[in-house]
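Subject: Structure handover

Dear colleague,

Here is the structure you asked for. My notes on it follow below.

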Amino acid sequence: MASSSDSWIKEYNEAVKMVDDINAMISERSSLPASGPETQRHASAIRRKITILGTRLDGLQSLLSRPTGKPLTEKEMNRRKDMVANLRSKVNQMASAFNISNFANRDSLLGPESKPYAMSRTVGLDNSGLVGLQRQIMKEQDEDLEKLEETIVSTKHIALAVNEELDLQTRLIDDLDQHMDVSDSRLRRVQKNLAVLNRRTRDSCSCMCMLLAVIGIVILAVIIYLLIKYL
(Lines give C-alpha, C1' and ligand atoms only; values in the text may rest on other atoms or scores of the structure.)
Protein backbone atom coordinates (compact mmCIF):
# COMPACT_ATOMS: atom_id res chain seq x y z
CA MET A 1 0.00 0.00 0.00
CA ALA A 2 1.39 3.43 -0.93
CA SER A 3 2.36 5.72 1.92
CA SER A 4 0.85 9.17 2.51
CA SER A 5 4.05 10.76 1.20
CA ASP A 6 3.87 8.71 -1.99
CA SER A 7 0.20 9.78 -2.46
CA TRP A 8 1.17 13.44 -2.11
CA ILE A 9 3.97 13.08 -4.66
CA LYS A 10 1.62 11.27 -7.05
CA GLU A 11 -0.95 14.04 -6.70
CA TYR A 12 1.76 16.64 -7.24
CA ASN A 13 3.01 14.91 -10.39
CA GLU A 14 -0.55 14.83 -11.77
CA ALA A 15 -0.80 18.57 -11.10
CA VAL A 16 2.46 19.14 -12.98
CA LYS A 17 1.09 17.14 -15.91
CA MET A 18 -2.07 19.28 -15.89
CA VAL A 19 0.10 22.42 -16.08
CA ASP A 20 1.75 21.03 -19.21
CA ASP A 21 -1.63 20.09 -20.71
CA ILE A 22 -3.09 23.54 -20.08
CA ASN A 23 -0.02 25.24 -21.55
CA ALA A 24 -0.44 23.10 -24.67
CA MET A 25 -4.14 23.98 -24.91
CA ILE A 26 -3.40 27.69 -24.54
CA SER A 27 -0.86 27.40 -27.35
CA GLU A 28 -3.49 25.73 -29.55
CA ARG A 29 -5.76 28.80 -29.24
CA SER A 30 -3.67 30.64 -31.84
CA SER A 31 -4.73 28.09 -34.49
CA LEU A 32 -8.46 28.58 -33.76
CA PRO A 33 -10.75 31.32 -35.14
CA ALA A 34 -11.04 34.51 -33.11
CA SER A 35 -14.63 33.59 -32.23
CA GLY A 36 -17.15 30.84 -32.77
CA PRO A 37 -18.56 27.74 -31.03
CA GLU A 38 -15.31 25.76 -31.36
CA THR A 39 -13.28 28.59 -29.82
CA GLN A 40 -15.79 28.95 -26.98
CA ARG A 41 -15.70 25.21 -26.24
CA HIS A 42 -11.90 25.27 -26.25
CA ALA A 43 -11.86 28.23 -23.87
CA SER A 44 -14.36 26.51 -21.58
CA ALA A 45 -12.19 23.40 -21.51
CA ILE A 46 -9.15 25.47 -20.51
CA ARG A 47 -11.19 27.24 -17.86
CA ARG A 48 -12.37 23.92 -16.40
CA LYS A 49 -8.84 22.51 -16.35
CA ILE A 50 -7.55 25.63 -14.57
CA THR A 51 -10.34 25.22 -12.02
CA ILE A 52 -9.46 21.56 -11.46
CA LEU A 53 -5.77 22.44 -11.19
CA GLY A 54 -6.54 25.12 -8.60
CA THR A 55 -8.53 22.55 -6.62
CA ARG A 56 -5.61 20.12 -6.79
CA LEU A 57 -3.24 22.77 -5.49
CA ASP A 58 -5.64 23.56 -2.65
CA GLY A 59 -5.76 19.87 -1.86
CA LEU A 60 -1.96 19.59 -1.87
CA GLN A 61 -1.74 22.62 0.41
CA SER A 62 -4.41 21.16 2.68
CA LEU A 63 -2.57 17.83 2.94
CA LEU A 64 0.58 19.66 3.97
CA SER A 65 -1.29 21.54 6.70
CA ARG A 66 -2.60 18.28 8.19
CA PRO A 67 0.01 15.60 7.43
CA THR A 68 -0.87 11.97 8.14
CA GLY A 69 1.33 8.96 8.52
CA LYS A 70 5.04 9.45 9.03
CA PRO A 71 5.78 13.09 9.97
CA LEU A 72 7.79 15.08 7.46
CA THR A 73 10.96 16.88 8.40
CA GLU A 74 10.84 20.66 8.44
CA LYS A 75 13.15 20.76 5.43
CA GLU A 76 10.92 18.41 3.43
CA MET A 77 7.79 20.32 4.48
CA ASN A 78 9.31 23.61 3.30
CA ARG A 79 10.45 22.00 0.05
CA ARG A 80 6.93 20.76 -0.70
CA LYS A 81 5.43 24.13 0.18
CA ASP A 82 7.85 25.73 -2.28
CA MET A 83 6.84 23.17 -4.91
CA VAL A 84 3.17 24.05 -4.45
CA ALA A 85 3.97 27.79 -4.49
CA ASN A 86 5.92 27.43 -7.73
CA LEU A 87 3.06 25.53 -9.34
CA ARG A 88 0.55 28.14 -8.20
CA SER A 89 2.78 30.85 -9.69
CA LYS A 90 2.69 29.04 -13.05
CA VAL A 91 -1.08 28.74 -12.82
CA ASN A 92 -1.34 32.49 -12.19
CA GLN A 93 0.81 33.11 -15.28
CA MET A 94 -1.43 30.85 -17.37
CA ALA A 95 -4.50 32.62 -16.05
CA SER A 96 -2.94 35.93 -17.06
CA ALA A 97 -2.24 34.58 -20.56
CA PHE A 98 -5.86 33.43 -20.65
CA ASN A 99 -7.01 36.95 -19.75
CA ILE A 100 -8.38 35.90 -16.36
CA SER A 101 -7.89 38.80 -13.98
CA ASN A 102 -7.69 38.43 -10.21
CA PHE A 103 -6.98 34.70 -10.43
CA ALA A 104 -5.47 34.74 -6.95
CA ASN A 105 -8.95 34.34 -5.45
CA ARG A 106 -10.25 32.37 -8.47
CA ASP A 107 -13.63 34.13 -8.32
CA SER A 108 -13.79 34.23 -12.07
CA LEU A 109 -13.44 30.46 -12.23
CA LEU A 110 -15.37 29.29 -9.18
CA GLY A 111 -18.26 31.71 -9.46
CA PRO A 112 -19.63 33.20 -6.20
CA GLU A 113 -17.45 31.02 -3.97
CA SER A 114 -14.73 32.74 -2.01
CA LYS A 115 -11.30 31.19 -1.67
CA PRO A 116 -11.71 30.22 2.02
CA TYR A 117 -14.89 28.36 1.17
CA ALA A 118 -13.25 26.67 -1.82
CA MET A 119 -10.35 25.65 0.41
CA SER A 120 -12.76 24.31 3.03
CA ARG A 121 -14.29 21.95 0.46
CA THR A 122 -11.00 20.09 0.22
CA VAL A 123 -10.54 19.60 3.97
CA GLY A 124 -10.79 15.97 4.98
CA LEU A 125 -10.73 14.66 1.40
CA ASP A 126 -8.34 12.00 0.17
CA ASN A 127 -7.28 11.63 -3.46
CA SER A 128 -10.55 9.91 -4.36
CA GLY A 129 -12.50 12.66 -2.64
CA LEU A 130 -10.55 15.33 -4.48
CA VAL A 131 -11.34 13.68 -7.81
CA GLY A 132 -15.02 13.58 -6.85
CA LEU A 133 -14.90 17.26 -5.89
CA GLN A 134 -13.26 18.11 -9.19
CA ARG A 135 -16.00 16.28 -11.08
CA GLN A 136 -18.64 18.09 -9.04
CA ILE A 137 -17.04 21.44 -9.88
CA MET A 138 -16.95 20.51 -13.57
CA LYS A 139 -20.63 19.53 -13.41
CA GLU A 140 -21.52 22.82 -11.72
CA GLN A 141 -19.57 24.75 -14.34
CA ASP A 142 -21.27 22.85 -17.17
CA GLU A 143 -24.65 23.73 -15.66
CA ASP A 144 -23.61 27.38 -15.34
CA LEU A 145 -22.44 27.37 -18.96
CA GLU A 146 -25.76 25.88 -20.09
CA LYS A 147 -27.65 28.59 -18.17
CA LEU A 148 -25.37 31.22 -19.67
CA GLU A 149 -25.98 29.81 -23.16
CA GLU A 150 -29.75 29.92 -22.57
CA THR A 151 -29.46 33.53 -21.39
CA ILE A 152 -27.39 34.45 -24.45
CA VAL A 153 -29.88 32.79 -26.81
CA SER A 154 -32.79 34.53 -25.07
CA THR A 155 -30.99 37.87 -25.23
CA LYS A 156 -30.25 37.28 -28.91
CA HIS A 157 -33.93 36.62 -29.64
CA ILE A 158 -34.93 39.75 -27.75
CA ALA A 159 -32.32 41.77 -29.65
CA LEU A 160 -33.63 40.40 -32.97
CA ALA A 161 -37.21 41.26 -32.01
CA VAL A 162 -36.19 44.78 -30.99
CA ASN A 163 -34.24 45.16 -34.23
CA GLU A 164 -37.25 44.06 -36.28
CA GLU A 165 -39.46 46.51 -34.39
CA LEU A 166 -36.97 49.31 -35.02
CA ASP A 167 -36.88 48.42 -38.73
CA LEU A 168 -40.68 48.53 -38.84
CA GLN A 169 -40.78 51.90 -37.08
CA THR A 170 -38.13 53.23 -39.46
CA ARG A 171 -40.15 52.09 -42.50
CA LEU A 172 -43.30 53.68 -41.08
CA ILE A 173 -41.49 56.96 -40.51
CA ASP A 174 -40.05 56.83 -44.03
CA ASP A 175 -43.53 56.17 -45.46
CA LEU A 176 -44.96 59.04 -43.42
CA ASP A 177 -42.24 61.39 -44.67
CA GLN A 178 -42.96 60.30 -48.25
CA HIS A 179 -46.72 60.89 -47.83
CA MET A 180 -46.03 64.31 -46.30
CA ASP A 181 -43.82 65.22 -49.25
CA VAL A 182 -46.54 64.13 -51.72
CA SER A 183 -49.23 66.03 -49.80
CA ASP A 184 -47.06 69.16 -49.64
CA SER A 185 -46.45 68.97 -53.41
CA ARG A 186 -50.18 68.60 -54.11
CA LEU A 187 -50.99 71.50 -51.80
CA ARG A 188 -48.52 73.74 -53.62
CA ARG A 189 -50.10 72.78 -56.98
CA VAL A 190 -53.61 73.53 -55.69
CA GLN A 191 -52.47 76.90 -54.34
CA LYS A 192 -50.90 77.72 -57.70
CA ASN A 193 -54.08 76.75 -59.58
CA LEU A 194 -56.20 78.87 -57.22
CA ALA A 195 -53.93 81.86 -57.81
CA VAL A 196 -54.27 81.44 -61.59
CA LEU A 197 -58.05 81.05 -61.33
CA ASN A 198 -58.31 84.12 -59.13
CA ARG A 199 -56.30 86.18 -61.58
CA ARG A 200 -58.42 84.99 -64.50
CA THR A 201 -61.59 85.75 -62.58
CA ARG A 202 -60.46 89.30 -61.96
CA ASP A 203 -59.60 89.72 -65.64
CA SER A 204 -63.02 88.35 -66.70
CA CYS A 205 -64.81 90.71 -64.32
CA SER A 206 -62.94 93.68 -65.74
CA CYS A 207 -63.89 92.75 -69.32
CA MET A 208 -67.54 92.22 -68.38
CA CYS A 209 -67.72 95.59 -66.68
CA MET A 210 -66.26 97.32 -69.71
CA LEU A 211 -68.73 95.55 -72.01
CA LEU A 212 -71.70 96.53 -69.85
CA ALA A 213 -70.46 100.11 -69.74
CA VAL A 214 -70.25 100.26 -73.56
CA ILE A 215 -73.74 98.77 -73.92
CA GLY A 216 -75.08 101.26 -71.41
CA ILE A 217 -73.54 104.18 -73.28
CA VAL A 218 -74.99 102.94 -76.59
CA ILE A 219 -78.48 102.57 -75.09
CA LEU A 220 -78.27 106.01 -73.53
CA ALA A 221 -77.19 107.54 -76.86
CA VAL A 222 -80.14 105.87 -78.64
CA ILE A 223 -82.62 107.19 -76.06
CA ILE A 224 -81.24 110.74 -76.37
CA TYR A 225 -81.45 110.53 -80.15
CA LEU A 226 -85.08 109.40 -80.07
CA LEU A 227 -86.07 112.12 -77.65
CA ILE A 228 -84.52 114.83 -79.81
CA LYS A 229 -86.14 113.49 -83.00
CA TYR A 230 -89.73 113.23 -81.77
CA LEU A 231 -89.88 116.24 -79.50
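Is Asp21 buried, partly exposed or exposed? At 28% relative accessibility, Asp21 counts as partly exposed. Please keep in mind throughout that this is a predicted model.

Salt bridges

Asp21 has a partner: its side chain meets that of Lys17 in a salt bridge, at 3.4 Å from N to O. Lys17 is exposed, because its relative accessibility is 52% and the cut-off for exposed is over 50%. The two residues are four apart in helix 1, so about one helical turn separates Lys17 from Asp21.

Across the whole structure, a search finds six salt bridges. Another of them is in helix 3, where Arg80 and Glu76 are also four residues apart, about one helical turn. Their closest N and O atoms are 2.8 Å apart, and both Arg80 and Glu76 are buried. In addition, Glu11, Glu14 and Arg56 are joined into one network by salt bridges that share partners.

Arg88 and Asp58 form a salt bridge as well, with an N to O distance of 3.1 Å. This pair links distant parts of the chain, with Arg88 in helix 3 and Asp58 in helix 2, 30 residues apart. Arg88 and Asp58 are both buried.

Nonpolar core

In soluble globular proteins, nonpolar side chains tend to be buried together. The largest nonpolar core in this model has 23 residues, and Trp8, Ile22, Leu53, Leu60 and Met94 have the most contacts inside it. Helix 1 (4-28), helix 2 (37-65) and helix 3 (74-97) are the elements that give two or more residues to this core. Helix 2 gives the most, with nine residues.

Surface patches

Two patches are worth listing. The first to look at is nonpolar: Met208, Leu211, Leu212, Ile215, Ile219, Ile223 and Leu227 make a surface patch of about 660 Å². One of these residues, Ile215, is located in helix 6. Ile215 has a relative accessible area of 40% and is therefore partly exposed; residues need over 30% to be included in a patch.

The other patch is negative, and is formed by Glu143, Asp144, Glu146, Glu149 and Glu150. Among them, Glu150 lies in helix 6, which covers residues 127-230. With a relative accessible area of 56%, Glu150 is exposed.

Regards

Methods: Residues are numbered from 1 along each chain as its sequence is written. This is a predicted model: local features need pLDDT of at least 70, side-chain atom pairs count only at pLDDT 80 or more; totals for chains, interfaces and linings use all residues. Side-chain values use heavy atoms; hydrogens and water are left out. Patches are made of residues with over 30% relative accessible area and no salt bridge: like charges are joined within 9 Å, nonpolar side chains (Val, Leu, Ile, Met, Phe, Trp, Tyr) within 5 Å. Accessible areas come from the Shrake-Rupley method with a 1.4 Å probe; for residues, only the protein chains shown count as cover. A salt bridge is a side-chain nitrogen of Lys or Arg within 4 Å of a carboxyl oxygen of Asp or Glu. Lys and Arg count as positive and Asp and Glu as negative; His and the chain ends are not counted. The place of a charge is taken as NZ of Lys, CZ of Arg, CG of Asp or CD of Glu. Buried means under 20% relative accessible area, exposed over 50%, partly exposed in between (1.4 Å probe, protein chains only). A nonpolar core is a set of buried Ala, Val, Leu, Ile, Met, Phe, Trp, Tyr and Cys residues joined through side-chain atoms within 4.5 Å.
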